[in-house]
Amino acid sequence: SLVRSAKILARKKADQKILLSKKNGIPSSYFPNADRSLKQQDLNLLSISSNIRSSPTSYVSDSLITNELNSSLNASEDQKASCGCCCPTQNCTDQEDSMVTLKYPFTGQQCVSVLFESDEWKISHPTIKTDKFWEFTTKIKHSKPFLFKFIVDGEWKSSPLHPKENDGFQGYNNIIVLISIEWTFPALEVFLCTALAGWTDRIKLPFCHTRQKHIIIFEFPGKGVFEFKFIVDGEWKINPNLEIINEGPHQNNCIKIY
């Protein structure tokens, strides 16, 4: 029958994926629940078969059905392979920087540019005006404070849309700090919780299939010591490979940014 053939085809696809995963050294804990996955595929395949059978075409060949089933399974595999990890600018490769968009709210200004501390405040970068913002997109390095400031119609100003720090001249600079946070041990689901949010936030770490770890690019609001912890498959944990603060059951990971 169609469903029986579909199950065989789906099982072959699942077996091929597991063999390939084992060959590439992916831990068994990363494998999805095969039975659950195949049950869902059964429902998808029944839907496909119903759509094909109800087609106005007078004759539906087995090869047409097989092609439709293969297309559905392949599309599912492609969707899983595209992990969309980290942030939209990451392409599942080891990068030390990310693209960010600096914004200043548009309220009728005539000209807005942005300057960086890394340029010693000497190069003025023109922004692009959108409906709501003045924007400039640039690449910044991870784990290093990135300071910038806007010149708005000839006046130095910081943006209310980004974190700020005192510039030492009775004003403020904007600051962005991007940190790559990773969980490199086998796990099905990993969340990041921070002291900044009172430990109530749960930020999911996507799994990067290329780098074989859970990873996220997290933005910290300036300089200082920031504590965080992981929830790994429902349990609070710290990463022993990262810096640890405090002792006993109150241990947390931390990042120091100066």
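**Sheets, strands and cores in a predicted model**

Good morning. I begin with one residue pair: I128 stands opposite E135 in strand β5. Please keep in mind throughout that the structure shown above is a predicted model.

That pair belongs to the contact between two strands. β4 and β5, the latter covering residues 133-141, pair in the antiparallel sense over 2 bridges. Both strands are part of an open sheet of 3 strands, in the order β1-β5-β4, and the pairing is antiparallel. β1, residues 97-105, and β4, residues 128-129, stand at the edges with a single partner strand each, so one side of each is left without a neighbour in the sheet.

I turn next to strand β2. It spans residues 112-116, and 5 of its 5 residues are buried. In which directions do the residues of β2 point? V112, V114 and F116 point one way, while S113 and L115 point the other way, and all are buried.

Two strands pair with β2, and I shall take them in turn. With strand β6, residues 146-152, β2 runs antiparallel and is joined by 5 bridges. Within this pairing, V114 stands opposite F150. With strand β3, residues 125-126, β2 again runs antiparallel, here joined by 2 bridges. The bridge partner of V114 in β3 is H125.

Let us now consider the nonpolar cores. In soluble globular proteins, nonpolar side chains tend to be buried together. In this model, the largest nonpolar core has 19 residues, and those with the most contacts inside it are I181, F220 and F230. Which elements give two or more residues to this core? They are β9 (172-183), β10 (190-194), β13 (213-220), β14 (224-232) and β17 (252-257). The largest share, 5 residues, comes from β9. There is also a second, separate core of 16 residues, which includes V114, F146, F148 and I176. V114 is thus a residue we have already met, as the one opposite F150 in β6.

Finally, I would draw attention to C254, which is found in strand β17. Is C254 buried or exposed? Its relative accessible area is 4%, and since buried means under 20%, C254 counts as buried. C254 touches V225, F226, E227, F228, E243 and I245, leaving aside residues up to four places away in sequence. One of these, E227, is 27 residues apart from C254 in sequence, yet the two are 4.3 Å apart in space, C-alpha to C-alpha.

That concludes my presentation. Thank you for your attention.

Key. Residues are numbered from 1 along each chain as its sequence is written. This is a predicted model: local features need pLDDT of at least 70, side-chain atom pairs count only at pLDDT 80 or more; totals for chains, interfaces and linings use all residues. Side-chain values use heavy atoms; hydrogens and water are left out. Two strands pair if DSSP finds at least two bridges between them. Helices (H or I, at least four residues) and strands (E, at least two) are DSSP runs, numbered from the N terminus. A nonpolar core is a set of buried Ala, Val, Leu, Ile, Met, Phe, Trp, Tyr and Cys residues joined through side-chain atoms within 4.5 Å. Buried means under 20% relative accessible area, exposed over 50%, partly exposed in between (1.4 Å probe, protein chains only). Contact means heavy atoms within 4.5 Å.
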